[in-house]
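Student: I should like a close look at one part of this model, with the reasoning set out step by step.

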Amino acid sequence: MNSETRVAILAISIVIPLSALALWSSDNSRSTTVAESQQMKVLVSFNPLYEFTKEIGKERVDVSMIIPNGIEPHDWEPTIQDIQKMKNADMVVINGGGFEPWIEKLTSINSKILIVDTSDSIPLLNKDQSGFGNTFQKDPHFWLDPILAKKQVLNIAKGLIKIDPDNAKYYQENADIYNTKLDLLDKKIRTELSICNKKDFLAFHNAFSYFANEYGLNQHAIITNIDENAEPTAGTLEQVMQKAKALRLRVIFTEEAVNPRISEVVASEIGGKVLVLSPMEVNPENIGYVKKMEQNLSNLKEALCT
Ligand SMILES: [Zn+2]
């Protein structure tokens, strides 16, 4: 036996037990790899639902977003091909509350598919009187209230348990773990905002009604129409500036996916500054829900605590 062979044999004898150990330990941990064919194919409409579903299903689910990240979900309409792709999923998760009016097209071609409406058991607010056109009768922005987001998480878990009952305990436990994080987030927001002396804030579009209700704040918005890209009229802008002055606001909010110019115009009029208050409808930087909420909290504190 030459020395090269000896090294090779030694290598094999070391490698085999190590890899066997690796298999054994991963079998006993949460990071078990599930064969692709055994994963539940889940489609979710937009960004926060992607994270919620992934946190509950982990490696047991293959989650894809229906609305491409970066596209404003209020305006999105699926093509025939998009709808065709959806019909082969094990489950489709929608926000509900009128956020996905296109979902009826899917049920018309596949009535058997499980559609999880995450708004189930959430008391919906009526649309803002001044906006949301005619399509949206209810305000769909409840995911921005962590307490209501917990209900969305439970509804998704229920759906996964329905399509994959063998792993019910796993889904329920993961949902509980994630909801504990949302509880902590809620406590943090409540505690930190409680010391602020102001209650009024000016969002870019009126996505924060549920959030404001939860934490005792008053939401005002530059855009009260569902189409975030809509330019406010000169008259509307004038009213917004008057309001910002009357409320002595120091911060005017914008969002990630919009031109900040409108917010800058208002801010310069009152000598204030522009910060982001994210409705999490797009997620270009791929930042998680809790972290994004903490950024919102920090920016809200600047608006309300100073
Ligand atoms: Zn919105």
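Student: Is Arg 190 buried, partly exposed or exposed, and what is its relative accessible area? Please examine this residue and its surroundings closely.

Tutor: The model is a predicted one. Arg 190 has a relative accessible area of 36%, and it is classed as partly exposed because that value falls between the 20% and 50% limits. Its side chain forms a salt bridge with Glu 214, and the closest N and O atoms of the two are 3.1 Å apart. This satisfies the 4 Å criterion for such a pair. Glu 214 belongs to helix 7 (residues 209-215) and Arg 190 to helix 6, so the bridge ties together parts that are 24 residues apart in sequence. Glu 214 is likewise partly exposed, at 23% relative accessible area. The arrangement also extends to Asp 186, which is linked with Arg 190 and Glu 214 in a network of salt bridges. In general, side chains of opposite charge can pair when their charged atoms come close.

Helix 6 contains another salt bridge, between Glu 173 and Lys 169, with the closest N and O atoms at 3.2 Å. These two residues are four apart in helix 6, so about one helical turn separates them. Lys 169 is exposed, with a relative accessible area of 63%, whereas Glu 173 is partly exposed at 29%. A search of the whole structure gives 13 salt bridges. One of them joins Lys 41 to Asp 62, at an N to O distance of 3.8 Å. That pair links strand 1 (residues 40-44) with strand 2 (residues 61-65), across 21 residues of chain. Both partners are partly exposed, Lys 41 at 34% and Asp 62 at 26%.

Helix 6 also has a part in the nonpolar interior. The largest nonpolar core has 61 residues, and Val 92, Leu 193, Phe 201, Phe 211 and Tyr 289 touch the most other members. Helix 6, spanning residues 168-194, supplies the largest share of this core, eight residues. At least three core residues come from each of domain 1 (36-189) and domain 2 (195-304). For Phe 201, the contacts beyond four places in sequence include Phe 208, Ala 212, Leu 217, Phe 253, Leu 277, Leu 300 and Leu 304. Asn 218, Gln 219 and His 220 are also among the residues that Phe 201 touches. Another core, of 15 residues, lies apart from the largest one and includes Met 241, Leu 249, Ile 262 and Ala 267.

Key: Residues numbered from 1 in each chain as written. Predicted model: local features only at pLDDT ≥ 70, side-chain atom pairs only at ≥ 80, totals over all residues. Heavy atoms only, no water. Core = buried A, V, L, I, M, F, W, Y, C linked by side-chain atoms within 4.5 Å. Buried < 20%, exposed > 50% of the residue type's maximum accessible area, 1.4 Å probe, protein only. Domains from an automatic or database assignment. Contact = heavy atoms within 4.5 Å.
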